[in-house]
Amino acid sequence: MQHNPALPFKLDLESASIWLDGLYMANTRECCRVLYPMLKALNASTVEPRLRFAILEKCRTTVSRLDKELLPYFLNKAFPLDAKTRKIASLSSRFFGELATGYRQIAEAESFAEDFDLPDQMRVVASAFEYFANSLLRSAQIFEAQAPMFWSFVFGLFRRAEEQGLCHSAQPDQASDADFVAQYFKVAVLFWMAAPGRLSQQDMQWLFDFLTARAELVRIEATPVSGGTRAVFYFDPAVGGSIMPVPARASVDKPGLRFLFMERLLNEFRAEIRAHGKPEESPLNVVLARLGDRLPHQPEMTARRALASVGMEASTQAVGRVALRAASDSSRVLWSNLDLLELAPPNSDLGSEGFGSKSTGTFAAALASGSGATVESFAIGFSDMRAAKVYRSDLPGFYIVDLGGRFFRTGDLLSLNTDDEIVQVGIVRAGQIYNGQFCYNVELFGNHPRVVRFSSDSSANRLHKGLMFETDSDWPATLVVPRVKLRCGDNILVEEQGVKKTLRVAKLMEANSNFCHIALTAAEASA
């Protein structure tokens, strides 16, 4: 072992203990100022695994105490935070992230199985997952995203733990040591799937605690059907951060897939919502839907036809196509009530009087039959579109969408073009059987977005295309953009039809490898 000059102590447990015991905990800022660089330096150093483990174990209590002291800097505060406060507030997530990195390094050491007995191996892996999950929670509570490699590390650790026999599946209704090891892995994955950036800080904490207390109700198994129950989602540990709804006939040909059985957890979730009265008004109903609960709906509804485009680029093209068509034909009458998410009729047989729509559903039907396939204007090919049947659910803001048997991931961006006049954009959340077909549950972001160009300091003034949505909330607008590095408080330059405007990132509501959805606010006035 070589001593890292950035470390404030010699690389032995006695020196590390003396330094840690000498921290002045009464001064939170000073303690953070010296402890965080120490953890980073420790993780950058070559350290014998047993010594690294001993030092990290001594840091646990100190980090937990500092985390509690940092909460007042960001809980119940107006966002975006000023730059100084944001830097302090982000320390909670960063402290937990460094602890997770340290424990992960121990688990990945070549001598891990030789240096640690089985109980300590399980403790190391469980600790890494615990701190990954807590880092995710604190990032969400300051409305920022984790680093791009975060999920690769989480799923990579799960895969390695399985290979070492530390995360094998348990039988239904039986607790095991594997449940202890994988507890916070499940918490992290489910918390992320629930789109916490769309919740209040208090609801984020409630959800995290709820998942932590009931993680053993979720089983991870190697087959899509177990004990007469079908899994809701599956993932491939070799592909970090990719979650898929389980289709009607889930493929089991590919080895290594893992399936999530969540019905017992969802039952507990439903009971918790009912216990607080007026369950139909609970803001947590959307969390149930994001975690795979069946969307409520009216029976035997007829589908509305639409064209679906998947992904950021295809959705931007679809919106641009509709805007260009509207500009070229001033006699066309656009839909009314564009501020309402549920403006679209569930089928083409209903009259338009009660829906603010004049849709007949003929546009998508014509293209699906091939009669519109010769149209090549507006710079978008019909090969990028998919005919879809759209059913409206009884949960506001959610559609049930039949995409013709094609497979999509949880988190895929989806746009629905109806009659070449209105585009609705949303995200694939889960799936369910409806009218005998496997359909996707899609949560809408909004209607009739506008294509804009934007740049930020982090993008070195490079222009990107984004989709701008007007809102009825306190935020003037939200923006869906490709995955770029953005933080709360960053200024971005938005250009639309030659007009440029500087806005500020207020909150990052959701981000994955496909896109970011951010809430905007007015830029700070110049001094």
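Mentor: Two strands count as paired if DSSP finds at least two bridges between them. This definition will serve us below, and please keep in mind that the model is predicted.

Trainee: How many bridges join strand β13 to strand β14?

Mentor: Strand β13 covers residues 450–456 and strand β14 covers residues 464–470, and the two run antiparallel. One of the links is between F454 and its bridge partner in β14, H464. The number of bridges joining β13 to β14 is five.

Trainee: In what order do the six strands close into a barrel?

Mentor: The pairing in this barrel is antiparallel. On average, and with direction ignored, neighbouring strands of the sheet are turned by 45° against each other. The order of the six strands is β13-β14-β15-β18-β17-β16.

Trainee: Which helix packs on this sheet and touches β13, β14 and β15?

Mentor: The strand β15 touched here spans residues 477–481. The direction of the helix makes about 60° with that of β14. The helix comprises residues 312–328 and is α13.

Trainee: How many bridges join strand β17 to β18?

Mentor: Strand β17 (residues 499–511) is joined to β18 by a hairpin through four residues, and the two strands run antiparallel. Within β18, L520 is the bridge partner of V505. On another side of the pairing, five bridges join β15 to β18, with C516 in β18 as the partner of V481. For β17 and β18, the number of bridges is seven.

Trainee: Is strand β18 largely enclosed or largely open, and how many of its residues are buried?

Mentor: A residue is buried when its relative accessible area is under 20%. Strand β18 occupies residues 516–522, and most of it meets that condition, so the strand is largely enclosed by the rest of the structure. The count of buried residues in β18 is six of the seven.

Trainee: Are helices α7 and α10 roughly parallel or roughly antiparallel?

Mentor: The axes of α7 (residues 118–141) and α10 (residues 201–214) come within 9 Å and cross at roughly 165°. The contact is made by A133, N134, L137, R138, A140 and Q141 of α7 with Q201, M204, Q205 and F208 of α10; by class, there are five nonpolar, four polar and one charged residues. The crossing is right-handed. An angle over 145 degrees counts as roughly antiparallel, and α7 and α10 are therefore roughly antiparallel.

Trainee: Is F143 buried or exposed?

Mentor: F143 lies in the loop between α7 and α8 (150–163). Its phi is near 55°, a positive value in a residue other than glycine. Its relative accessible area is 3%, which means that F143 is buried.

Trainee: What is the relative accessible area of H448?

Mentor: H448 is in the loop between β12 (437–447) and β13. Although it is not a glycine, H448 has a positive phi of about 50°. H448 is partly exposed, with a relative accessible area of 30%.

Trainee: Which residue follows F79 across a cis peptide bond?

Mentor: Most peptide bonds are trans. The bond from F79 is cis, with omega near 5°. The residue after it is found in the loop between α3 (49–70) and α4 (83–89), and that residue is P80.

Trainee: How many strands does the chain have?

Mentor: Of the 527 residues in the chain, 54% are buried. Among contacts with a separation of 6 or more, 67% link residues 24 or more positions apart. Alongside 14 helices, the number of strands is 18.

Terms used:
Residues numbered from 1 in each chain as written. Predicted model: local features only at pLDDT ≥ 70, side-chain atom pairs only at ≥ 80, totals over all residues. Heavy atoms only, no water. Axes fitted to C-alpha atoms, helices over the stretch in contact; angles between N-to-C directions. Parallel < 35°, antiparallel > 145°, perpendicular 65-115°, else oblique. Left-handed = near helix turned anticlockwise from the far one by under 90°. Contact = heavy atoms within 4.5 Å. Nonpolar A, V, L, I, M, F, W, Y, C, P; charged D, E, K, R; others polar. Buried < 20%, exposed > 50% of the residue type's maximum accessible area, 1.4 Å probe, protein only.
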